[in-house]
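Q: Please take a close look at one part of the structure shown below: the strands, how they pair, and the residues that sit on or beside them. A connected account is preferred to a list.

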Amino acid sequence: MNSEFVDLFPAAARFAADLKYIAGDCEYCAGGISKWQPYNLPVLEIEGVGTVSLPLLGDQVQRLKDVAIQSPYGQGSETVVDTSVRNSFQIDASKVNFAHRGWQSGFTAITREAVQNLGIQPELVSSELYKLLFYEEGGHFKLHRDSEKVKGMFATLVVQLPTTFTGGEYTVRHAGQERIFQLDGTDGKGSRSAIRYIAHYSDCEHSVAPLTSGCRLAAVFHLRWSGDGAPPHPPSKTTAMSLAARMRTLDTCYGVLLEHAYTP
């Protein structure tokens, strides 16, 4: 048997993700109804609006639009607004406050759940509220990828707040695979007031289908890597299957060089 030792420290996260993909423990996206559900609806406070009740009432939508901006998107090196590509509104995190303490711990619980479902240790990840998004009837976002907006960002977490709407399916694509998440509660899974979430790696393509009625409100978080080495990346099916095939030959012994000289 040949011995092949490779220094994997700079690519430890990549190597681990590919191995987890082989074992079926790693995903490029995750989502659904969160295990954490609030006893009370969130106390949402927005600068310039005041306290907002959920689900949203008709007159509150206009009040939100008064303090929001039309959502832009990146096009090459520019940031542009084009409602034929992206039609939604956003409010910066600095203007948003979830006043109830239970919701702060709730977002932490949802983050842990989402990160674990991506096959990553939650202790090595932190979440940071980026913005509040809302879509009206006809609102949508065509297929796109997220850019790294803060250092260490490797994924996006979307927490669906209790709102009444139809449509707006969230599609995530990666390496020839596709998953579609139904967020409007019409899938028969849980009530419409249930807290749903979607998490996916930043470089996965994703889109939001047009809303057919109502208004969708969601909190968007950056997921940031705080561990050593490079941030995690979505598992590569091609790389993982190639690695699995090679390891099954039993002709090669893989070793990871450790920094500490352990006593035999």
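**Strand pairing and its surroundings**

A: At a relative accessibility of 49%, A175 counts as partly exposed. The model is a predicted one, and A175 is a useful place to enter it, in the loop that leads from β15 (170–174) to β16 (177–181). The phi angle of A175 is near 50 degrees, a positive value in a residue other than glycine. Most residues other than glycine have a negative phi.

The two strands on either side of this loop are also linked by charge. E178 and R173 form a salt bridge, with their closest N and O atoms 2.7 Å apart. Residue R173 falls within the range of β15, and E178 within that of β16. Both partners are partly exposed, E178 at 43% relative accessibility and R173 at 37%.

β15 and β16 belong to an open sheet of 5 strands with antiparallel pairing, in the order β8-β12-β18-β15-β16. The edges are taken by β8 (86–87) and β16, each of which has a single partner strand, so one side of each has no neighbour in the sheet. Further inside the order, β12 (residues 140–144) pairs with β18 (residues 205–208) in the antiparallel sense, over 2 bridges. In this pairing the bridge partner of F141 is V208 of β18.

H144 is also placed in β12. This histidine has a relative accessibility of 15%; because the cut-off for burial is under 20%, H144 counts as buried. A polar atom of the H144 side chain lies 2.8 Å from the backbone oxygen of K142. Leaving aside residues up to four places away in sequence, H144 touches C204, E205 and H206.

H206 leads on to a second histidine, since H200 also has H206 among its contacts. H200 lies in strand β17 (residues 196–201) and is buried, with a relative accessible area of 0%. The side chain of H200 makes a polar contact of 2.9 Å with the side chain of Y170. Other residues touched by H200 include Y28, C29, D146, A155, T156 and V172.

Strand β17 itself is part of another open sheet, one of 7 strands, with antiparallel pairing and the order β2-β17-β13-β20-β11-β9-β5. Here the edge strands are β2 (29–33) and β5 (69–70), each pairing on one side only. C29, a contact of H200, is the residue at which the range of β2 begins.

Within this sheet, β11 is flanked by β20 and β9. Strands β11 and β20 (residues 216–225) pair in the antiparallel sense over 10 bridges. Along this pairing, V125 stands opposite W225 and K131 opposite V220. On the other side, 4 bridges join β9 (residues 89–92) to β11 (residues 125–135), and these two strands run antiparallel as well. F89 stands opposite F134 of β11 in that arrangement.

The pairing of β11 with β20 is accompanied by a salt bridge. R224 and E128 have their closest N and O atoms 2.9 Å apart. R224 lies in β20 and E128 in β11, so this pair ties together parts 96 residues apart in sequence. Both side chains belong to partly exposed residues, R224 at 25% relative accessibility and E128 at 31%.

β11 and β20 also bear on the interior. In the largest nonpolar core, which has 60 residues, I46, L132 and L157 touch the most other members. β20 gives the most to this core, with 7 residues. L132 touches residues including L44, I46, V96 and L161. The contacts of L132 also take in F89, Q90 and I91, together with L217, A218 and A219. F89, Q90 and I91 fall within the range of β9, and L217, A218 and A219 within that of β20.

For the chain as a whole, there are 4 helices and 21 strands. Of its 264 residues, 44% count as buried. Among contacts between residues at least 6 apart in sequence, 80% join residues at least 24 apart. The search of the whole structure finds 5 salt bridges, among them the pairs of E178 with R173 and R224 with E128.

Notes: Residues are numbered from 1 along each chain as its sequence is written. This is a predicted model: local features need pLDDT of at least 70, side-chain atom pairs count only at pLDDT 80 or more; totals for chains, interfaces and linings use all residues. Side-chain values use heavy atoms; hydrogens and water are left out. Buried means under 20% relative accessible area, exposed over 50%, partly exposed in between (1.4 Å probe, protein chains only). A polar contact is a pair of N or O atoms within 3.5 Å; within protein, one must be able to donate a hydrogen and the other to accept it, and residues adjacent in sequence count only if both atoms are side-chain atoms. Contact means heavy atoms within 4.5 Å. Two strands pair if DSSP finds at least two bridges between them. A nonpolar core is a set of buried Ala, Val, Leu, Ile, Met, Phe, Trp, Tyr and Cys residues joined through side-chain atoms within 4.5 Å. A salt bridge is a side-chain nitrogen of Lys or Arg within 4 Å of a carboxyl oxygen of Asp or Glu.
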